[in-house]
Each structure stands twice: as structure tokens, then as C-alpha cells.
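Colleague: I am new to this structure. Please walk me through some of its strands, cores and helix contacts.

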Amino acid sequence: MEQVSELGDALPCTFEPAIHIEVCQNPCSTARSGVLKEHVLPFIRRRKTAYGDVAFREFDDPFLQEHVQSISITDTDISQPDRKAIDLGVAQLEIHVVLLHEDGPGSEELEEEDLSAATHWLLPAKEFYNLWDSLVFDENIKGQLLQYAMTTLLFSDKAVNTDVISWNRVVLLHGPPGTGKTSLCKALANKLCVRLSDRYTYGQLIEINSHSLFSKWFSESGKLVMKMFQKIQELIDDPEALVCVLIDEVESLTAARKSAMAGTEPSDAIRVVNALLTQLDQIKRFSNVIILTTSNITGAIDLAFVDRADIKQYIGLPSAPAIYRIYLSCINELMRTGIISPSQQLLDLRALELMRFVENAVTKFSLQLRDVAIRSQGLSGRSLRKLPFIAHAIFVQTPTVPLEKFISALGYAVERQFKECQDLCKE
């Protein structure tokens, strides 16, 4: 039997990136990970060639039929941006077996305090499993964040002296609202638990309720932050767990100390920032934790916190090519469900470019969608994902709709969205 490489060897010396195979195990299955990999490997090798991401849900192997929900070739868009064919017969394969948790989020309360301080999920979670693929960015942000996490693990495993080379396990995503920062943090935490499934038995995502910590008893905010991190420390003490801490709108906890000193902010803001920085400095020595933070107002964040962030990634509004990819995924989903009928093939931008954007019977609808995408520039990802629904609700209003009519309705919905924004600005 061919040897399946383990995640400990996931940073190859070759320039060819590994192809990641995610195996979603049946919830009722008791098969061991190693046995599943032994059946999955020949199944993938027999496919011979793949172009981009693909998922398999039907299997000729009775064992796979019983124990596996899906097998997916993933993340080829970030590992092979030129979209060349993948030779599955010789490619280096990294196989990750995951059993998704379906329990949903729980609430983390501080003892002796009538306060829901955080929400936590067991990872990998079913509700986040498809989130990673749905996020579209202009740059290779997802790939860079994954590589950052793998490098923190490598440096910890090799016992790199932190007095010589410093890293704090802190990521800061900043940019305008609605650009997918929080979703990316949750998706990244889930993806890491999938990629590291051979190393950690399970994962935890702790989303700190920073507004509650800062506003419940204002004079006690510093103590509440310390109590929250004491609970996080209890999770980190389990070496079998990968712990991801999410602080959304981190400016709520890290309001600039200089404002407090100038008298424009209460003095308790200083204690909150000091408490947070102290806790971050204490937990960074543990290899099984990563801190994910977001901010819409980076100017309000304390500079000492910004300095501790290893990665400070700006997440901006999507460009026209990114918007096209978002619309394409939405339309494919509506075709899958039969709302857009009959189903028709839409080309990606690379195919349109190869055809020099010349309109013909093959490119007609794709070029119409591209025009709508160009006219949509300036809208956030959150707004873009809502527009297909708005288009159908207001401009279609029938159970099924032809593709051409839906693209036209989507264009009207874009115009309506911009008009609504202009009307709100007038008030």
C-alpha cells in the first residue's frame, strides 16, 4: 500500500504544492482515520486528472459508501493559480479525514458574573465547512493565512528561540464593514482544524463578546478580560486541542490609551488594554493557540496591540473580477436548485480572456454577467451576496426564471442598491 504522507511532512521541499484531499466521514462511522486513507488514496489515483476543486459523493468502493459522505479535492485555486491540470497519479497528496461537529455554538459564561462572555464552537463545525470556499478575495489572502499558521507550527516544533525570532500568534484583519473579515476568521479556524486533523483531536473556536466585556460593569472591564483569558487558558492546557480565539471589532477592547490619557476616554480603557496585552504575551508561548482579530476602525486600535500582530491584512471591497466570481457562484447555486432553469454553462474570466471577450453564442450570457459585475464595483461582499435574492424577490417573482432574464434582474437590483445608498446618505 502506498504511504500516505502525514501533516507533519506538509511543508515539502519540492516546489510542487501538495494537493489536499478532504474526506468528510459519515457521522455514524467508527472507521479509523488510517483505514479510511487507505481506501481513499486508490480512489483518488484512479481519477487520474482533475481541473480545479472537485467533490465526489458517489463511490464504487462499498467501504467508502458506508463510511464517507464526500471526498473533495480542495484549495487548488490558492495552490495552483494558473489552473493547470492536476495529474492525480503522481501528485503529492495530503489526505485529511474529518468528522464534522453538528452541535452548533455554546455560550461561555464567567463564574459569579451574569455575563455571556463568549461563544464557542467545537471544530471542525458543519456550519463553517463550506464557508471557506464561498469567500472570494482579489489576492491570495486565504493561502497566505494558511501558510502563516503552518509556519507558526513549524517554528514551535523546531523550538525556534523566540528571543531571537519573535512571533505572537496574532492576526489582524482590517478594512470596511461587510468585506468578509469575521467570516474569514471562522473559516480559517475551521480549515486549520481540518488540515491539522492528524495532529489535534479537535478544535475550539472562542469568539469573545468584546462589547459585553467592556460595557457590563465598566470599572471592572480589566478584571473581566483577565477572567475570560483564564478560561481560554484552561482550553489551551489540553495539548489535544487547537484553540482559535476570535476577537471581532477588536477596537472595542483596545481603544487607544493615548485617548484615555488625554481625558477623552475613561481611565478604565487603559486597564482593559493592559490586561489584553498581558494575556496575549502569556499565551503566545503555547503552540496550540492562534488569535484572530478584526477591525473596521484601525485608527482606534492601540499601537501596542497593532505591533503585536504578526499579520496585518487589509480586506477591501471586491474588484470587478472578484465580484464576477461571487455572482458566478450564486448563479450556479440557483441553477443547482432549479430556480434558474434550464441550467446553462457560464465561463470563468480566464476562459473569457482566452476568447478575447468576443461575444458569441458561447460567451453571450457570461459577458452580460461580467457587465453587471463591473457596474457593481463599490459594493461590499455582504451586499453582493444578498443581491441575487433581491433580484428574484423584486424583479422576477416567479418560481423559475431563465438565465438571461435573471442576469437582467440582477442588473436592476444593482441599480436599486446604489440608489438606496444614495438616499441613505441624504438623510
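Colleague: In which sense do strand 1 and strand 4 pair?

Modeller: This is a predicted model, where local features need pLDDT of at least 70, side-chain atom pairs count only at pLDDT 80 or more, and totals for chains, interfaces and linings use all residues. Residues are numbered from 1 along each chain as its sequence is written, and side-chain values use heavy atoms, with hydrogens and water left out. Strands (E, at least two residues) and helices (H or I, at least four) are DSSP runs numbered from the N terminus. Strand 4 covers residues 68-74, and its six bridges with strand 1 run antiparallel.

Colleague: Which residue of strand 6 is the bridge partner of I19?

Modeller: Two strands pair if DSSP finds at least two bridges between them. Strand 1 and strand 6 (residues 93-98) have six, in the parallel sense. The strand 6 partner of I19 is L93.

Colleague: How many residues of strand 1 are buried?

Modeller: Buried means under 20% relative accessible area, exposed over 50%, partly exposed in between (1.4 Å probe, protein chains only). In a regular strand, side chains alternate between the two faces of the sheet. Here I19, I21, V23 and Q25 are buried on one side, and H20, E22 and C24 on the other. The count for strand 1 (residues 19-25) is seven of seven.

Colleague: Is H174 buried or exposed?

Modeller: H174 sits in strand 9 (residues 170-174). Among the residues it touches (heavy atoms within 4.5 Å) are K181, S295 and Y314, leaving out those up to four places away in sequence. Its relative accessibility is 18%, so H174 counts as buried.

Colleague: Which helix gives the most residues to the largest nonpolar core?

Modeller: A nonpolar core is a set of buried Ala, Val, Leu, Ile, Met, Phe, Trp, Tyr and Cys residues joined through side-chain atoms within 4.5 Å. The largest has 33 residues, and Y327 and L387 are among those touching the most other members. Helix 12, helix 14 (364-375), helix 15 and helix 16 (403-426) each supply at least two. With ten residues, the top contributor is helix 12.

Colleague: Which residues of helix 15 make the contact with helix 12?

Modeller: The axes of helix 12 (residues 320-336) and helix 15 (residues 381-395) come within 10 Å and cross at roughly 35 degrees. Axes are lines fitted to C-alpha atoms, for helices over the stretch in contact, and angles run from 0 to 180 degrees between N-to-C directions. Helix 12 brings I323, I326, Y327, S329, C330 and L334; helix 15 brings L384, R385, L387 and P388.
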